[in-house]
Amino acid sequence: MCGIIGFCGYLNAKEELIKGLAELEYRGYDSAGIACFTDRGIEVVKSVGKVAGLENKLPPQMESGCGIGHTRWATHGGVSEVNAHPHRCGNVTLIHNGIIENYHELAKELEKTGRTPLSQTDTEVAVMLLDSLYKGDALEALRGTVERLEGAYAFCIMFADRKDEIYCIRKGSPLVCCSSEEGCAVASDMVALLRYSKEYFVLPEHQVAKVTKNAILVTDLEGMEVSPVMLSINWDMSAAQKNGFKHYMLKEIHEQPESIRRTLAPRMKKGEYILPDFSEDGIEDELFLNVGRIVITACGTAMHAGMMGRILLERLLRIPVSVEIASEFRYGEPILNEKSLVILVSQSGETADTLAALRLAKEKGAKTLSVVNVKGSSIARESDYVLYTHAGPEIAVASTKAYTAQLTAFYLLTFRFAYAVGKLTAKEVSGYMQGLNEVGELMEKMLEQKDRMKELSKRLTPAQDLFFIGRSLDYALSCEGSIKLKEITYIHSEAYAAGELKHGTLSLVTGGVPVIALATQSDVFSKMISNVKEVRARGAMVILITKEGNEAVVENGICDEHLVIPASHDVFAPFTAAVILQLLAYYTSSYRGLDVDQPRNLAKSVTVE
Ligand code: M6R
């Protein structure tokens with residue numbers, strides 16, 4: 001949450017910061033601000049609302065080669081200009097991503113030094129503390145400050161008497177750095193640095209980056225130089241742009257077949273049989289032997305991918321698998337030991353609760369494997385094993401291509417695991433892998449029907465409440481369909497295991513209430529059809545999703561609309577059905593005239609708990 005950027009170099013800093021903030025805006029978009037070194041000292045401009053509003057407010061005479069910028073997702077203190085970053089106290093101006101947990105107690109102490117906060121933010125305490133400790137030695141002041149701070153932070157700091165220098169330090173929150181001929185830059189994520197370089201490093205926690213025009217010097221807090229590990233990304237600027245699509249979400253929905261192929265390619269080793277191969281990921285079969293229990297933990301959409309993973313893993317491995325919401329798991333008392341495998345799922349690799357769940361799992365002696373999209377992110381770095389999804393940058397707040405790439409990773413993992421422990425033969429795995437290989441093509445077929453979903457969304461647009469129902473894999477997908485719809489359309493929706501409806505929720509299904517019923521799984525198909533009849537009998541407006549071949553079974557009048565996904569093994573149906581649910585959410589949001597890519601109150605990467 002919150003996007004931060006710093007630039008120091010040979011270009012117009014003000015313009016560079018605005019470009020970077022626009023790219024980071026998906027991390028938070030309630031207010032924004034920049035601070036630049038100019039001939040008149042450090043100048044700060046802030047504004048409530050989106051980055052475009054800030055841009056209009058910038059004075060033309062703000063000439064600078066060095067500055068910092070912030071786009072905010074409010075945690076402490078409402079949305080106002082005074083709460084927007086950068087914050088300034090005396091000699092120090094800074095931006096912050098994270099939460100300072102002990103800000104209250106520190107504020108009381110600092111008041112005694114004559115420093116009174118102007119804002120309601122936790123951040124202002126950090127700037128006051130730093131200013132109180134700064135006597136001309138930046139490292140000394142930083143040392144003293146971070147010793148006192150509890151919580152998570154990534155800071156970019158400017159000291160008034162250190163022109164054209166930016167100091168950065170982080171704990172918990174992400175910060176990546178790069179240098180190029182045009183200058184040096186730091187940001188919350190690589191999307192904003194790509195115009196300078198594809199090579200970057202993640203600033204190690206508790207180390208300090210001193211950013212100047214020509215170099216980034218990284219030292220520990222004692223001043224000892226350190227060499228951070230260089231990484232490179234395998235996508236370019238166009239991957240992070242809309243490329244002719246009206247919204248990032250629509251573009252990302254269309255990118256799914258490709259993102260799945262990219263996730264599969266390095267793991268598809270063809271011999272006599274096609275078996276998933278994780279040798280490039282450094283995951284040996286040994287990891288799968290002796291696993292007595294699997295726990296999958298994540299948040300939101302990533303957790304829904306985990307729900308799908310649970311069914312697959314348990315079905316094929318016959319090992320107990322549970323799915324835990326990361327924010328519950330981290331404060332629970334999970335029963336884990338060295339025979340437990342904990343799987344963390346995260347697009348960003350920075351979600352605070354998932355990261356904390358990972359740390360807890362390690363503390364309890366479990367083996368940890370993460371399914372992560374962002375290379376070098378905290379979760380990826382701290383896990384024992386990583387299975388990267390190769391979805392490329394996902395900009396829309398609503399996750400789409402990351403979700404289906406996470407599903408792909410779970411399918412690969414399940415098949416390899418089952419093979420390694422002798423639950424599936426090479427031939428059986430190869431059969432499944434062929435099916436998985438065809439998923440991209442099936443999704444393309446589904447995307448060809450997007451006009452149908454567009455038309456159908458008109459029926460959902462006026463809804464106030466909506467239900468998704470399904471059984472087994474379809475129930476797991478219903479949960480994802482529901483979150484997608486509510487986060488971007490603001491229509492209240494719930495996902496129900498179809499058999500559970502009659503135990504209470506059916507009372508809410510009245511005339512005209514839309515029910516999206518997923519019936520793609522043969523083993524529970526007839527049960528699902530009975531559940532559909534139950535809601536239809538109460539007057540629900542039913543959109544039924546079945547697989548090609550089942551048309552005849554769908555009797556006249558059982559539903560208002562019938563959508564058909566291409567024929568495939570049942571196990572792969574969630575991929576194509578997901579496309580339908582994503583498109584319905586997307587078009588409904590568009591018809592309602594909403595901000596599809598940046599829905600209210602939300603942000604892409606949730607780095608606070
Ligand atoms: O980056 P992560 O995958 O860890 O994010 C987890 C959730 O915050 C995320 O999936 C969220 O639920 C999406 N906005 C849903 O579309």
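Hi everyone. Before I start, one definition: when I say "domain" today, the bounds I give come from an automatic or database domain assignment. And please keep in mind that what we are looking at is a predicted model.

With that in place, let's walk along the chain. It is divided into domain 1, covering 3-238, domain 2, covering 248-437, and domain 3, covering 448-595. How far apart are the C-alpha centres of domain 1 and domain 3? They lie 45 Å from each other.

Now to the ligand. Where does it lie relative to domain 2 and domain 3? Both of these domains give residues to the shell around the ligand, so it lies between them. In terms of pockets, the ligand sits in the second largest one. If you want to find the shell by its elements, look for α8 (300-317) and α15 (473-489), which are the ones that give two or more residues to it.

Let's look at that shell in detail. There are 15 residues around the ligand, and those that come nearest are Ser346, Gln347, Ser348, Thr351 and Glu487. Sorted by class, the shell has 7 polar residues, 6 nonpolar ones and 2 charged ones.

Some of the contacts are worth pointing at on the screen. Start with Thr351: an N or O atom in its side chain is 2.4 Å from an oxygen atom of the ligand. Gln347 takes part through its backbone instead, with a polar atom there 2.6 Å from a ligand oxygen. Ser399 also uses a backbone N or O atom, and this one lies 2.9 Å from an oxygen atom of the ligand. How much of the ligand's accessible area does the protein cover? On its own the ligand has 410 Å² of accessible area, and the protein covers 91% of that.

Before I finish, here are two backbone details that you can look up for yourselves. The first is at Pro86, in the loop between β4 (66-72) and β5 (87-89). The peptide bond leading from His85 to Pro86 is cis, and its omega is near 0°.

The second is at Arg318, in the loop between α8 and β18 (321-325). Arg318 is a residue other than glycine with a positive phi, near 60°. You have already met α8 today, as one of the elements that give two or more residues to the ligand's shell.

Thanks for listening!

Note on methods. Residues are numbered from 1 along each chain as its sequence is written. This is a predicted model: local features need pLDDT of at least 70, side-chain atom pairs count only at pLDDT 80 or more; totals for chains, interfaces and linings use all residues. Side-chain values use heavy atoms; hydrogens and water are left out. A residue is near a molecule or strand if one of its heavy atoms lies within 4 Å of it. A polar contact is a pair of N or O atoms within 3.5 Å; within protein, one must be able to donate a hydrogen and the other to accept it, and residues adjacent in sequence count only if both atoms are side-chain atoms. Accessible areas come from the Shrake-Rupley method with a 1.4 Å probe; for residues, only the protein chains shown count as cover. On a 1 Å grid over the protein atoms alone, a cavity is a set of points where a 1.4 Å probe fits but cannot get out, and a pocket is an open set with protein on both sides within 12 Å along at least five of seven lines; lining residues have an atom within 4 Å of a point. A molecule sits in a cavity or pocket if more than half of its atoms lie within 2 Å of its grid points. Helices (H or I, at least four residues) and strands (E, at least two) are DSSP runs, numbered from the N terminus. Ala, Val, Leu, Ile, Met, Phe, Trp, Tyr, Cys and Pro count as nonpolar, Asp, Glu, Lys and Arg as charged, and the others, Gly among them, as polar.
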